[in-house]
Amino acid sequence: MPEKITMSAEGRLVVPDEPIIPFIEGDGTGVDIWPAAKLVFDAAAAKHNKRVAWKEVLAGEKAYKETGNWLPEETVDAFKEYLIGIKGPLTTPVGGGIRSLNVALRQLLDLYVCLRPVRWFKGVPSPVRHPELVDMVIFRENTEDVYAGLEVQSGTPEAVRLIEYLRDQMGWKIKDGSGIGIKPISEEGSKRLIRAAIKYAVSHGRKSVTLVHKGNIQKFTEGAFRNWGYELTREEFSDVAVGWDDCGGEPGDRVLVKDAIADITFQQVLTRPAEFDVVATTNLNGDYLSDALAAQVGGIGIAPGGNINYVTGHGVFEATHGTAPKYAGQDKVNPGSVILSGVLMFEHLGWEEVAADIVRALEATIAEKIVTYDFARLMEGAKEVKCSEFAQAIVDRL
Ligand code: NAP
């Protein structure tokens, strides 16, 4: 019987054998990748006597056409009520009331972690020599930083007033005609993100958590993020984790919490990827880093993502690429990103066997060089298949 996922008094997800999970098909290529992914999810779940009761909810162009609203209230309510959901890519309405539907969903549900695991699958074409050394899990802060939307446009009365205030009251030198953006980074926001990263590292047997920041320049935002990370490690995790300075880089069997400046991190994830494990970082750094890392292991066609609030239990898992409108309806693009987002979702729900089966079958499919156009054009001797055929090939190998 279909039932809701709930949160226990101890803060754990309680997942029935037939959970109701809302999904947004997604715009553009959503019509191709969602049915393909669903085929894989249902077959893998059935193998373990489980079933998902999928509940379609609307957002994006489909919602706008049917309801005149880009993000209907029922959709947000469904994600609130059923806790966990999954979505395809959404068009960002140009000139609409909402800046981005994805950002709106994250803010409305306070999904403070953007979880982006990055690993390589054997056979996937990669621009680096040792993609197999890349196995990182990025925890990107999802609600603060320059993404908070606190901006004033150059030349507006608000900008003029703010510049006057900053000159008069703070003594700051700011050029006339500047646009201004504010970068809030709070102790609470930083600590809840880093807490989630450390807990993940501990529960998944990971060796380290690297706090990536630009604190050498932005001392009171990025630098504070770093300091709060070490403080939190001492305050809450001293039995299972230890900061670099508190152990001289010798953590024993505890998780090592270390830090790295953002610019050098971009070099080292290329030159010394094996030194990075779990990464906790601020919003803008995390945005760049997760896409750069995804490129190292085969690009956005297969990079998964999840947006999670570990306290309320809410989570929305999503394909990380956009709607690729030029390919919409052609049954052509790679459904890997939404499939692996589903894997992430099943892992989050504790359906580890279902998740592991999908990963194994996906690996087997790619190892046989059965791939969609994006990989086929980079591989020698590939057998190019359609989006739906790729999904069927995975199902055949489950
Ligand atoms: P995009 O849709 O991600 O497409 C850019 C390119 O990425 C495509 O032309 C294609 O490359 C490749 N690509 C995307 N999805 C793929 C897939 N499933 N398999 C293989 N290759 C794939 O980015 P965009 O053109 O900048 O954005 C289009 C729309 O999507 C915009 O409205 C944007 O706001 C929205 N968007 C939504 C999300 C989201 O919902 N999470 C994220 C980003 C963008 P080739 O041309 O080389 O084949």
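Helices and strands here are DSSP runs, with at least four residues for a helix (H or I) and at least two for a strand (E), numbered from the N terminus. By that rule, G181 sits in strand β9, which covers residues 180-181. Please keep in mind that this is a predicted model.

## Around the ligand

Let us begin with the ligand and its surroundings. There are 23 residues around the ligand, and those that come nearest are G322, A324, K326, Y327 and Y373. By character, the shell splits into nine nonpolar, nine polar and five charged residues. Two elements, β15 (315-319) and α13 (373-376), each contribute at least two residues to this shell.

Three polar contacts to the ligand can be set side by side.

| Protein residue and atom | Ligand atom | Distance |
|---|---|---|
| H321, polar side-chain atom | nitrogen | 3.2 Å |
| A324, polar backbone atom | oxygen | 2.6 Å |
| Y373, side-chain N or O atom | oxygen | 2.6 Å |

How much of the ligand does the protein bury? On its own the ligand exposes 880 Å², and the protein buries 69% of that.

A324 deserves a second look, since its backbone takes part in one of these contacts. The phi of A324 is near 35°, a positive value in a residue that is not glycine. A324 belongs to the loop between β15 and α11 (336-348). Is A324 buried, partly exposed or exposed? With a relative accessibility of 30%, A324 is partly exposed, because buried means under 20% and exposed means over 50%.

## Another positive phi

L83 is also a non-glycine residue with a positive phi, about 70° in this case. Its place is in the loop joining α3 (73-82) to β5 (84-87). L83 has a relative accessibility of 9%, so it counts as buried.

## The nonpolar cores

In soluble globular proteins, nonpolar side chains tend to be buried together. In this model the largest nonpolar core holds 92 residues, and F139, V209 and F346 touch the most other members. Helix α1 (residues 30-47) supplies the largest share of this core, eight residues. Another core, of 18 residues, lies apart from it and includes A53, V76, A104 and L109.

What surrounds V209, once its neighbours within four places in sequence are left aside? V209 is in contact with A197, I198, A201, V255, L256, V257, K258, V278 and A280. The list includes a charged residue, K258.

## Small residues in helices

Now for a few small residues, starting with S341 in helix α11. S341 has a relative accessible area of 0% and is therefore buried. A polar atom of the S341 side chain lies 3.4 Å from the backbone nitrogen of G305. Not counting residues up to four places away in sequence, S341 touches I86, P304, G305, F317, E318 and A319. Among these, F317, E318 and A319 fall within β15 (315-319), one of the elements that supply the ligand shell.

S190 is a serine in helix α6 (residues 187-203). Its relative accessibility is 1%, so S190 counts as buried. With residues up to four places away in sequence set aside, S190 touches E144, I185, F225 and W228.

Helix α7 (residues 219-236) contains G229. F225 and W228, which S190 touches, also fall within the range of this helix. Is G229 buried or exposed? G229 is buried, because its relative accessibility is 0%. Beyond its neighbours within four places in sequence, G229 is in contact with I194 and L211. The C-alpha atoms of G229 and Y200 are separated by 15 Å, with their positions 29 residues apart along the chain.

## Back to G181

The strand residue from the opening, G181, has a relative accessibility of 47% and so counts as partly exposed. Which residues is G181 in contact with, leaving aside its neighbours within four places in sequence? They are L150 and E151. The C-alpha atom of G181 is 24 Å from that of F139, a residue 42 places away along the chain. F139 itself is one of the residues that touch the most other members of the largest nonpolar core.

How values were computed:
Residues numbered from 1 in each chain as written. Predicted model: local features only at pLDDT ≥ 70, side-chain atom pairs only at ≥ 80, totals over all residues. Heavy atoms only, no water. Near = heavy atom within 4 Å. Polar contact = N/O pair within 3.5 Å; in protein donor to acceptor, adjacent residues only side chain to side chain. Areas by Shrake-Rupley, 256 points an atom, 1.4 Å probe, with all protein chains shown as cover. Core = buried A, V, L, I, M, F, W, Y, C linked by side-chain atoms within 4.5 Å. Buried < 20%, exposed > 50% of the residue type's maximum accessible area, 1.4 Å probe, protein only. Contact = heavy atoms within 4.5 Å.
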